[in-house]
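Biologist: I would like a close look at one part of this model, the strands and the loops that join them. Please also say how that part sits in the chain as a whole.

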Amino acid sequence: KTKGMFIMLKNIIGVFALSLMLVACGDESVSEDVSTTDVAVENEAVIGEDLISEVKKEADARSEVEQNMLNFFKENLSGTMSISFSEETKTYAMMPIGDGFTDELMLTATGDIGAESWYGVVYGFVDLSEMVQENLGDGYSIVMLNPSNTENILLLITDGKIQYDFLSDL
């Protein structure tokens with residue numbers, strides 16, 4: 001969908017640039033035929049308006065899917081995660097809430113319990129990230145924030161691929 005829009009935009013820019021070159025570099029015969037140039041400019045204006053309308057529709061549709069995904073996460077992870085979304089960075093940020101998760105995370109980090117439980121969470125998040133990618137396209141991330149210090153992340157997954165896992169750094 002997005003590639004098609006880029007191709008359409010490229011074609012419109014090409015037609016517009018060609019028209020500008022004809023007007024700017026043309027001889028007097030081009031200048032004398034003002035009605036042809038006016039029609040071309042009007043056609044480009046209509047194409048430009050159509051493109052702007054199409055871009056707005058696609059942005060609105062994408063924004064709606066992003067919001068639906070956020071609502072899905074909130075409904076399914078309520079009580080365990082506080083969740084937000086940044087359109088600017090295309091990131092779903094999730095922060096564990098409640099003592100149980102935080103306690104288990106600390107026990108895993110200190111080695112008091114095995115990492116199997118943590119990796120169950122990690123691969124669950126990989127699945128969520130793949131779902132986001134299927135529904136929204138490439139470039140979306142899911143980040144799990146450290147509940148003790150939200151400046152630090154525990155897990156970062158983009159397009160179904162683990163970018164960072166805090167347990168690997170220990």
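Modeller: What follows starts with the whole chain, goes through the strands and loops in sequence order, and ends with a pair of helices.

The model is predicted, so each value below is computed from predicted coordinates. The protein chain holds 5 helices and 5 strands. Along the sequence they come in the order α-α-α-β-β-α-α-β-β-β. The chain has 170 residues, and 26% of them count as buried. Its exposed surface is about 10900 Å², with carbon and sulfur atoms supplying 56% of that area. Among contacts with a separation of 6 or more, 52% join residues 24 or more positions apart.

Take strand β1, where Met81 is found. Met81 has a relative accessible area of 9%; the limit for buried is under 20%, so Met81 is buried. Leaving out residues up to four places away in sequence, Met81 touches Met94, Met95, Pro96, Ile97, Phe101, Phe125 and Met144. One of these partners, Pro96, is 15 residues from Met81 in sequence, yet the two C-alpha atoms are 4.4 Å apart in space. Strand β2 covers residues 91–96, so Pro96 belongs to β2 by the way strands are numbered as runs of residues.

Between β1 (81–86) and β2 is a loop that contains Lys90. Most residues other than glycine have a negative phi. Lys90 is not a glycine, but its phi is positive, about 55 degrees. Its relative accessible area is 28%, which means that Lys90 is partly exposed.

Next in sequence is Thr91, in strand β2. Thr91 counts as buried because its relative accessibility is 16%. Its side chain reaches back to the backbone oxygen of Thr89, at 3.1 Å. Beyond its neighbours within four places in sequence, Thr91 is in contact with Ser84, Phe85, Ser86, Ser141 and Val143.

Strand β3 spans residues 141–146 and includes Asn146. Asn146 has 18% relative accessibility and therefore counts as buried. A polar atom of the Asn146 side chain lies 2.8 Å from the backbone nitrogen of Ser148. Apart from neighbours within four places in sequence, Asn146 is in contact with Asn152, Ile153 and Leu154.

A further loop, between β4 (149–158) and β5 (161–165), holds Asp159. Asp159 is not a glycine either, and its phi is also positive, at about 50 degrees. Asp159 has a relative accessibility of 18%, so it counts as buried.

Last, the helices. Helix α4 (residues 99–110) packs against helix α5 (residues 116–136) with the axes 9 Å apart and at an angle of about 120 degrees. That angle makes α4 oblique to α5. On the α4 side, Phe101, Glu104, Leu105 and Thr108 take part, and they meet Ser117, Trp118 and Val121 in α5. Sorted by class, this contact has 4 nonpolar, 2 polar and 1 charged residues. Phe101 links this account back to the strands, since Phe101 is also among the residues that Met81 touches.

Notes:
Residues numbered from 1 in each chain as written. Predicted model: local features only at pLDDT ≥ 70, side-chain atom pairs only at ≥ 80, totals over all residues. Heavy atoms only, no water. Helix = DSSP H or I, 4+ residues; strand = E, 2+ residues; numbered from the N terminus. Buried < 20%, exposed > 50% of the residue type's maximum accessible area, 1.4 Å probe, protein only. Polar contact = N/O pair within 3.5 Å; in protein donor to acceptor, adjacent residues only side chain to side chain. Contact = heavy atoms within 4.5 Å. Areas by Shrake-Rupley, 256 points an atom, 1.4 Å probe, with all protein chains shown as cover. Axes fitted to C-alpha atoms, helices over the stretch in contact; angles between N-to-C directions. Parallel < 35°, antiparallel > 145°, perpendicular 65-115°, else oblique. Nonpolar A, V, L, I, M, F, W, Y, C, P; charged D, E, K, R; others polar.
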